[in-house]
Amino acid sequence: MYVSVPEAAAASMRPGLGAYLVLTQFPGRRFEGKVVRTANAIDLASRTLLTEVDVPNKTGELLPGGYAEVHLEVK
C-alpha cells in the first residue's frame with residue numbers, strides 16, 4: 001500500500017512504524033501492517049511524503065486498486 005503522508009507527519013515516518021487499514025466493505029475489521037520504506041523526499045506539488053506500508057494479505061481479501069483508509073500509529 002502506498003500512502004501520501006502530509007508533510008507535517010513526515011518526520012515520524014520510519015520503517016517498523018505500525019499502521020492499519022480500514023475498508024468500508026469489511027466493517028469492524030482492521031488489517032494490520034507496518035511502514036517499510038519512504039521516498040525520503042517531499043513531493044513539491046502535493047507537499048506529501050510517499051510512504052510504503054506492507055499489509056499481509058494471505059487470504060487475498062485485499063484487492064489491488066481498492067480504496068482504504070490508512071491509520072499510521074504516530075504520536
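This is a short talk on the fold, the core and a few single residues of one chain.

A caution to begin with. What you see is a predicted model. Every value I quote is computed from that model.

Let's start with the overall fold. The chain has five strands and zero helices. Read from the N terminus, the order is β-β-β-β-β.

Now the dimensions. The C-alpha trace spans about 35 × 25 × 20 Å along its principal axes. For 75 residues, a compact globule would have a radius of gyration near 11 Å. The chain comes out at 13 Å, which agrees with that.

How are the contacts spread along the sequence? Take the contacts with a separation of 6 or more. Of these, 57% join residues 24 or more positions apart.

Next, burial and surface. Of the 75 residues, 29% count as buried. The exposed area of the chain is about 5300 Å². Carbon and sulfur atoms supply 56% of that area.

A word on charge. The chain carries 8 positive and 8 negative charges. The mean positions of the two sets lie 6 Å apart.

On to the interior. In soluble globular proteins, nonpolar side chains tend to be buried together. Which residues form the largest nonpolar core here? There are nine: V3, V5, A10, M13, L17, A19, V35, L49 and V53. Two strands each supply at least two residues of this core, namely β1, residues 2-6, and β4, residues 48-54. There is another core, apart from that one. It has six residues, including L21, F26, F31 and L62.

Let me stay with V53 from the largest core. What does V53 contact, leaving aside neighbours within four places in sequence? The list is M1, V3, A19, G33, K34, V35 and L72. V3, A19 and V35 from that list are also members of the largest core.

Now E52, which sits in strand β4. Is E52 buried or exposed? E52 is buried, because its relative accessibility is 14% and the cut-off for buried is under 20%. Once neighbours within four places in sequence are set aside, E52 is in contact with M1, Y2, K34, V35, V36 and R37. M1, K34 and V35 appear among the contacts of V53 as well. How far is E52 from F26? The two are 26 residues apart along the chain, and their C-alpha atoms are separated by 22 Å. F26, remember, belongs to the six-residue core.

Then the backbone. Two residues other than glycine deserve a look for their positive phi.

The first on my list is N40, with phi near 60°. N40 is found in strand β3, residues 31-43. N40 counts as exposed, because its relative accessible area is 70% and the cut-off for exposed is over 50%.

The other is R47, with phi near 55°. Where does R47 lie? R47 is in the loop between β3 and β4. R47 is partly exposed, at a relative accessible area of 37%.

Now G65. This glycine has its place in the loop between β4 and β5, with β5 covering residues 69-72. G65 counts as exposed, with 84% relative accessibility. Compare its position with that of N40. In sequence, G65 and N40 are 25 residues apart. In space, the separation is 24 Å, C-alpha to C-alpha.

Last, the end of the chain. V74 is in the segment after β5. At 34% relative accessibility, V74 counts as partly exposed. Which residues does V74 touch, not counting those up to four places away in sequence? V74 touches S12, M13 and L17. M13 and L17 are both in the largest core. V74 can also be placed against A19, another member of that core. V74 and A19 are 55 residues apart in sequence, yet 8.9 Å apart in space, C-alpha to C-alpha.

To recap. The chain has five strands and zero helices. The largest nonpolar core has nine residues. Another core, of six residues, lies apart from it. And V74, in the segment after β5, touches M13 and L17.

How values were computed:
Residues numbered from 1 in each chain as written. Predicted model: local features only at pLDDT ≥ 70, side-chain atom pairs only at ≥ 80, totals over all residues. Heavy atoms only, no water. Helix = DSSP H or I, 4+ residues; strand = E, 2+ residues; numbered from the N terminus. Rg over C-alpha atoms; globule rule 2.2 N^0.38 Å. Buried < 20%, exposed > 50% of the residue type's maximum accessible area, 1.4 Å probe, protein only. Contact = heavy atoms within 4.5 Å. Areas by Shrake-Rupley, 256 points an atom, 1.4 Å probe, with all protein chains shown as cover. Lys, Arg positive; Asp, Glu negative; His and termini not counted. Charge placed at Lys NZ, Arg CZ, Asp CG, Glu CD. Core = buried A, V, L, I, M, F, W, Y, C linked by side-chain atoms within 4.5 Å.
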